[in-house]
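Me: I am new to this structure and would like to know what stands behind the words used for it. Please take the terms one at a time and set each against its cut-off.

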Amino acid sequence: MLPLLIAIANSVYLGLRTDQFLGSENLFNLIAQAMPLVITAIGQMFVVVVGDLDLSVGSLISFTTAILALDAPGYVTIPAVFLFAVLVGLSNGLVITRLNVHPIIATLAMQYVILGITRILRPVSGGTVPDIVIQSVGGSLFGVPMPVFWGIAVVLVAWKLLHGSRFGLHLFAIGGGVANGTPDAARNFGVPDRRNILLAYVACSCFTALAGVFLAGRIVSGDPNVGLLFELDAITAVAVGGTQLSGGIGSLQGTVIGALVLALLSNGMNLTNVSPFIQTAIKGGLLLLVVGLQTRKKMGL
Amino acid sequence: MSAIVKHPFLQRLLRVPPAYYVFAILLITLWIARPHMLNANIMGIFIRQVAPLGVLVLAQLLVMRVKSIDLSGGGILLLVNYVISSGIFPGASMPFFIGLSLAIGTAIGLFNGWMIGKRRVSAVIVTLAVSIILVGFVQYLSSGKPPGDVPSYLNDIYNIKWGPAPVPVLFWFALTVVMALFLSKTVFGRYVTSVGENPEAAHFSGVPVERTVILAHTLAGFIAAVAALVQTASIAVGSVRVGLDLPILAVAATILGGVVFGRGEGGVWGPFFGVLSFALLFVVMTTFGIDDPGKLIAQGLIILLAAIFYGIRTSRSN
């Protein structure tokens, strides 16, 4: 509940402080700005719930925009994007669950591999994104801008997966065991833990790719640096939303609110002309603060 | 298949950290492709370039031995570089700069250690957040532009050579020897080993686990500041970008050298050769015309493969 109050307080403050904030243009703009972070944070949450982190999401977003901006028709690039996302998720998950590599090392390595491939595909920003992507992000339906529909669709799918399916229940079960220092707890109750963790990484990558498609539609080109530090923003959003980074506890609405708080924060800082460098520092401080307030048993990583 | 894998000789080969193999392979590659590059002077220059990385690896291996990680090196590097090059302390002497840098590094390390040891916050999150706070702060202070020049005596020291060996390389070598002795001969070194093996068992045998973790991170901050001084001396100008990829390279070199979270079989010399492998790798990739993106991919794959190498072995022994 606290993040929601912060979000409301933040909006009231901004509404009083600046004239532009409450204009419908800025509000719709805000939704469009927040959407990539909301989608990425939801994806990240699947992995956080089992007590891991996926650090490869930032470069996967850049990679997605680079693929979409290739000189190829949309019916080739859009499925390709999701194919690659599934591949990335699968290899993350397989390396972690089957080859016994620590999640942070595996996804950190993956981050660099993807970043390198992205820089080869698209050394500087440019290229054009298929029209259908631009239309589906920038256009409007029945007078309501498309980002609103994106938000509703993503939240519904994620809700079904996390809170309305056996898969989600199993994720929470695995995470609860990990958080209490008994990683085998869920497996001992017959939950196929390796398979579910693997699928969590795949889900994370797919949501991230979706965020990348959305972002590509917003910037209308490919950009190798657009996803820089996105993984930290996503983790911050998840943590602000009350999901425990040690695993097992968390909710979808919290994550969405957390992402909105973060988006409001950057929107507000932009409106009040805070230097972008200071914005980075403030976001880092926020992450430190939120995670510092959570308690866990394990020390170290 | 399994009979071959279980053969004692192969088991023994598998126990050697991958860094030595990679180093040997790269040396042979270079010897075949560009034999004239293998003389002491040219190699000295290449190895001198990785001296900051080599020093930073000592910090990384210390924290990885206690099942933690330190990604804040990039931020410390930038801050130290900014303090020295921006001219906010005009006319200050060298001991002052060195003392100040070491104090900054130690303070940041202590903060990391406190957050990780006492507050039990994830080390990745803490050190990454600290790093981006410092980077944002420095870039704000310098408005995104390189600040200024570094006092020339630092670069002069960096350029001294002792016979064929450049001073930074000797300094790095000496620090590595000190670290090796420190980890093997002191009580604290034994604490580090026991905490890495099993924190709970260490706790119940009377090892001050929290204090060991905090101290390891504090020392890591101190060493990162030393690395920052070497780095600043090497580039000789202020910069707001250089060194941001060093922490991740340090992680890669450490894993390559056989030190994975809590397991220190590679000792101190494994990661040492890991750094040397990276020095050679960059030379080899440059001579074969592979650009920065290729190097990023290589870094990622090396981290992944080295980690898989150890992951498979741990799962077999369990």
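Reply: The model is predicted. A:Ser59 makes a start: its relative accessible area is 4%, and buried means under 20%, so A:Ser59 is called buried.

Me: Where does A:Ser59 lie, and what does A:Ser59 touch?

Reply: A:Ser59 belongs to helix H3 of chain A, residues 57-68. Leaving out residues up to four places away in sequence, A:Ser59 touches A:Gln111, A:Ile114, A:Leu115 and A:Thr118. Contact here requires heavy atoms within 4.5 Å.

Me: Why is B:Val187 called exposed?

Reply: The cut-off for exposed is over 50% relative accessible area. B:Val187 has 55%, so the word applies. B:Val187 is in helix H11 of chain B, which covers residues 187-197. From B:Val187 to B:Ala306 the sequence separation is 119 residues, and their C-alpha atoms are 30 Å apart in space.

Me: What makes A:Arg187 and A:Asp193 a salt bridge?

Reply: The rule asks for a side-chain nitrogen of Lys or Arg within 4 Å of a carboxyl oxygen of Asp or Glu. Between A:Arg187 and A:Asp193 the closest N and O atoms are 3.8 Å apart, so the pair meets the rule.

Me: Is A:Asp193 buried or exposed, and what is A:Arg187 called?

Reply: A:Asp193 has a relative accessibility of 12%, and with buried set at under 20%, A:Asp193 is therefore buried. A:Arg187, at 42%, is partly exposed, because that value falls between the cut-offs of 20% and 50%.

Me: How many salt bridges does the structure hold over all chains, and which residue pairs with B:Lys118?

Reply: There are 4 over all chains. B:Lys118 pairs with B:Glu210, with 2.9 Å from N to O, which is within the 4 Å limit. B:Glu210 sits in helix H13 of chain B, while B:Lys118 is in the loop between helix H7 (94-117) and helix H8 (123-141), so the salt bridge links distant parts of the chain, 92 residues apart.

Me: What joins B:Lys118, B:Arg120 and B:Glu210 into one network?

Reply: B:Glu210 also forms a salt bridge with B:Arg120, where the closest N and O atoms are 3.3 Å apart. B:Arg120 is in the loop between H7 and H8 of chain B and B:Glu210 in helix H13, so this pair ties together parts 90 residues apart in sequence. The salt bridges share partners, and in that way the three residues form one network.

Me: Why are these three residues called partly exposed?

Reply: B:Glu210 has 27% relative accessibility, B:Lys118 has 49% and B:Arg120 has 22%. Each value lies between 20% and 50%, so partly exposed is the term.

Me: How do you know that the span of helix H13 of chain B agrees with its number of residues?

Reply: Helix H13 of chain B has 27 residues, 209-235, and at 1.5 Å a residue these should span 39 Å. Its end C-alpha atoms are 39 Å apart, so the two values agree.

Me: What makes H13(B) mostly covered, and what follows H13(B)?

Reply: Of the 27 residues of H13(B), 20 are buried. Just after the helix, B:Ala236 has a positive phi of about 65°.

Me: How do you know that H15(B) is largely enclosed by the rest of the structure?

Reply: 14 of its 19 residues are buried, so the description fits. Helix H15 of chain B runs over residues 269-287, with an expected span of 27 Å and end C-alpha atoms 27 Å apart. B:Gly289, with a positive phi near 75°, follows H15(B).

Me: What makes up the interface of chain A and chain B?

Reply: 43 residues of chain A are in contact with 47 of chain B. The area buried between the chains is about 3,700 Å², and carbon and sulfur atoms give 82% of that area. In chain A, the residues that lose the most area to chain B are A:Tyr112, A:Leu288 and A:Met299, together 19% of what that side buries. The rule finds 0 salt bridges across this interface, and 2 residue pairs are in polar contact.

Notes
Residues are numbered from 1 along each chain as its sequence is written. Chains are lettered from A and ligands numbered from 1 in the order in which they are written. This is a predicted model: local features need pLDDT of at least 70, side-chain atom pairs count only at pLDDT 80 or more; totals for chains, interfaces and linings use all residues. Side-chain values use heavy atoms; hydrogens and water are left out. Helices (H or I, at least four residues) and strands (E, at least two) are DSSP runs, numbered from the N terminus. The expected span of a helix is 1.5 Å times one less than its number of residues. Buried means under 20% relative accessible area, exposed over 50%, partly exposed in between (1.4 Å probe, protein chains only). Buried area is the accessible area (1.4 Å probe) that two parts lose on being put together, summed over both. A polar contact is a pair of N or O atoms within 3.5 Å; within protein, one must be able to donate a hydrogen and the other to accept it, and residues adjacent in sequence count only if both atoms are side-chain atoms.
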